[in-house]
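User: I would like to learn how to read strand pairing, cysteines and aromatic contacts from a set of coordinates. Please take one feature at a time.

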Amino acid sequence: MAVRMGELKVHRVRFFDYMPSAIRAMAFNPRTERLAVAREDGALEIFNFSDHYFQEKVVPGQKGRATDALCWVGPRLFSAGLNGEITEYDLDTLRPKYSVSAYGGPIWSVSSNPQGTLLAVSREPKPQGAQTPGGPNPRGPHHAQLCFLFQVGCEDGTVKMFEILEQRIQFQRNLDRQKGRIISLSWHSSGALIAAGMMDMIRIFDANTGHATRRLLVERGVGAPKSREVVVWSLVFLSDHTVVSADSAGKVQFWDGHTGTLIRSHLVSKWDVLVLSASQDGCSLAAGTSEGTVVQFQFLSSNVDQENKDWVRTRTFKNHSHDVRALVHLESAVVSGGMDTQLVVRPLLDKVEKNTRESALRKMTFPHRSLVSCAKKVGMLLFQFPDHLEVWSVGESEGQGKPGDSLPVKKNPEKLIHLKIKGDDHICCSALSPCGAWLAYSTVAAVRLYRLQHNGTAIAKVSIPKELCWAHQLCFSSDSSKLFASSARSSILVLGLGQLECRYLHTLKPNLGSPQPVHLLCTSDDGRWLAAADAGCQVHAYDLQSLKLHCTLPTHRSCPTAIAIHPTGGTLVSVHADQQIFEYSLVQREYTRWSRALLKHGLHPLWAERDTPVTHIGFSGRNAAHILLHDLFMLCVVDQTLPFPDPKAMFYNQMTLRSLPESQRAKHSHAFKVCKNFQHLLWVGVLDDHSLVAVERPLLDIMSQLPAPVRQKKFAT
């Protein structure tokens, strides 16, 4: 549908059927403040909670690699799943580092000992069965190593202990085999005891001997048939030896780990309680149910003397429509996710100051990166899905109208190409050339390049030079004569494109190679500049005439979320996760006067307090002073000729401002012109004919495609 918006004709595109995958597992690293999120399609996402919850890294999924458990061990991340494998990830190259079979069937749970790192120094081989503080050292003499204890619960009824060495993991031993599968695990803070959840019972093991010391029988619940087993889905082993269990009978139960007796039982759902998570001090607990609720328990005193404390159900949150399968209890918030694909950060208002940014509820459904590429010279769009790509042509309209009018469609959008990738690896990045004649994508294993002919109706594969094995990001030059691919240690390969050939030209490298992956690439329209931003908050600019590093921008503390080079001004505009905007002159190698003035004046509070990052930057072909920015909920045109908004001024939506009298409209006019007429923007850009393309994906369309929830709330019930 084409709509007139001010001086721009807008193509509102809603045929990108993007569908996020369900969340299966989460793990939080308190040292680095990173949250790892595992999706049902095998993808892994890393959110930086210290940088405004920015999704700084994504490990693409793989067919058949469903992750059911995640675990941080220091800065290293491990996953396990029902395929029976333990996988460690390389968070610099964004790919699995290696996988090891647990030799026990499907893995339901994974956990590490709470002590973290232990340094063991071995001068000679230890005798068989000898122990060090972190477990046996299987290496030879005079070898220092980092040792961790790592355990998995398996389908065959065993708890398997693994030792994590410097470069790999190694099987150590089994704890006593049990009859039935091990579903959940939790270490005691001492590292000496392990609780294991099973069918109808909980076992407590001595981690040193491997023997079971306690058996806790879980009741089936009132009215449940005797033939129905109770699944202990999740466990938390608190430092005071209290064992907390969540089961399929809808109960959260508190047990005395010393005696194995039941202390307290709470029926919180008619359905399963799937996951538990405790705060670091062990005084608060959250439970996620298959009804979509999160229930909080707190260890509170019933009298003024602070004695006789007990676990009390205090709050119930309903932020999900489907199962809550993953949960993390932070100091001041509860993070949850599940079948409805949304990552929800729910602040605990007794831990944060009210009416602040920290007290706001956050729901994250869409990626913090663009999955859309545009051939702006011919009006073609590339949509990236995990296992295929689609190329569409935008429609055409006729006639004129007033701002806000819908124009009649002369030609409907057309799907030109549906490209299904081969192999099990999912797509990590893709690009469409500005002329619409080239298409490229990469997985963790290979890069593929295609030549599009006859207006995109025919496609031919083009061989890739051996120097390019994989890429984090892909980008074509404005004249479509070159392909740029970011590779290891922030290096960028430059490839030349011919009629049906691709040849290696050069490799661009920063002076100090960063191990962090490049997540943003852009080129200038005149073909001189290339800019790259990495997850280490560094932005490098390269001169494509000399094929050398031109400069490195001053490092901002927050990660860039979008970068773009002005088509005529030779300036690089960047927006960061903290919503700061910078404009840097590549010729003068310094911030522009406008950028310094904005930094001195400060951003409007309503702009700075937004909780969704800017994911794309564009420029108006008709007015060089206009910069187009968009996040998920708004499009903003920054007019560099107008004054900055006063912190106390109204931050009007443009449609609201238009309804004001002319005298008041001029009074409230400022540089930031915001439009909120769109629903969940995935991409906004300007075509060469000066029309605007807005790719929308309304959340209601996604929710309508989800499976039916386990239980739907009905009125008056």
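User: Which residue is the bridge partner of phenylalanine 237 in β22?
Analyst: Strands of a sheet pair through backbone hydrogen bonds, either parallel or antiparallel. In this predicted model, phenylalanine 237 has valine 243 of β22 as its bridge partner. The strands involved are β21, residues 232-237, and β22; they run antiparallel and are joined by five bridges.

User: What connects β21 and β22?
Analyst: The two strands form a hairpin with four residues between them. In that turn, histidine 241 has a positive phi of about 70 degrees.

User: How many bridges does β22 form with strand β23?
Analyst: Five bridges, again in the antiparallel sense, pair β22 with β23, residues 251-256. One partnership to look up is threonine 242 with aspartate 256 in β23. This hairpin has three residues between its strands, and glycine 250 takes a positive phi near 85 degrees.

User: Are the residues of β22 buried or exposed?
Analyst: A residue counts as buried under 20% relative accessible area. Strand β22 spans residues 242-247, and six of its six residues are buried. Thr242, Val244 and Ala246 point one way, while Val243, Ser245 and Asp247 point the other way. Both sets are buried. For the protein chain as a whole, 57% of the 717 residues count as buried.

User: How should I read the order of an open sheet, and which strands are at the edge?
Analyst: Read the order as a list of neighbours. One open sheet here has four strands in the order β40-β41-β42-β43, with antiparallel pairing. Its edge strands are β40 (429-432) and β43 (458-462), each of which pairs on one side only. From one strand to the next, the twist averages 20 degrees. Between β40 and β41 (residues 438-442) there are four bridges; in one of them, cysteine 429 is partnered by serine 442 of β41.

User: On cysteines, how many disulfides does the structure hold?
Analyst: Zero. A disulfide needs two cysteine sulfur atoms within 2.5 Å. The closest cysteine sulfur to that of cysteine 537 is in cysteine 559, at 4.8 Å, so it is too far for a bond. Cysteine 537 counts as buried, at 13% relative accessibility. Cysteine 502 is also buried, with a relative accessible area of 12%.

User: Now the rings. How many aromatic pairs are there?
Analyst: Look at the distance between ring centres, then at the angle between the planes. The count comes to 17 aromatic pairs. In one of them, phenylalanine 49 and tyrosine 53 have ring centres 4.6 Å apart and planes at 65 degrees, so the pair is edge-to-face. Both phenylalanine 49 and tyrosine 53 are buried.

User: What are the values for tryptophan 594 and phenylalanine 644, and where do these residues lie?
Analyst: Their ring centres are 5.8 Å apart and the planes stand at 55 degrees, so this pair is tilted. Tryptophan 594 lies in helix α1 (residues 593-601), and phenylalanine 644 in the loop between β58 (635-639) and α3 (654-658), so the pair ties together parts that are 50 residues apart in sequence. Tryptophan 594 and phenylalanine 644 are both buried.

User: Which residues do ring pairs link into a cluster?
Analyst: The cluster consists of Phe15, Phe16, Tyr18, Phe366, Phe383, Phe385 and Trp392.

Methods
Residues are numbered from 1 along each chain as its sequence is written. This is a predicted model: local features need pLDDT of at least 70, side-chain atom pairs count only at pLDDT 80 or more; totals for chains, interfaces and linings use all residues. Side-chain values use heavy atoms; hydrogens and water are left out. Buried means under 20% relative accessible area, exposed over 50%, partly exposed in between (1.4 Å probe, protein chains only). Two strands pair if DSSP finds at least two bridges between them. Axes are lines fitted to C-alpha atoms, for helices over the stretch in contact, and angles run from 0 to 180 degrees between N-to-C directions. Rings of Phe, Tyr and Trp (its six-membered ring) pair if their centres lie within 6.5 Å; planes under 30 degrees apart count as stacked, over 60 as edge-to-face and the rest as tilted.
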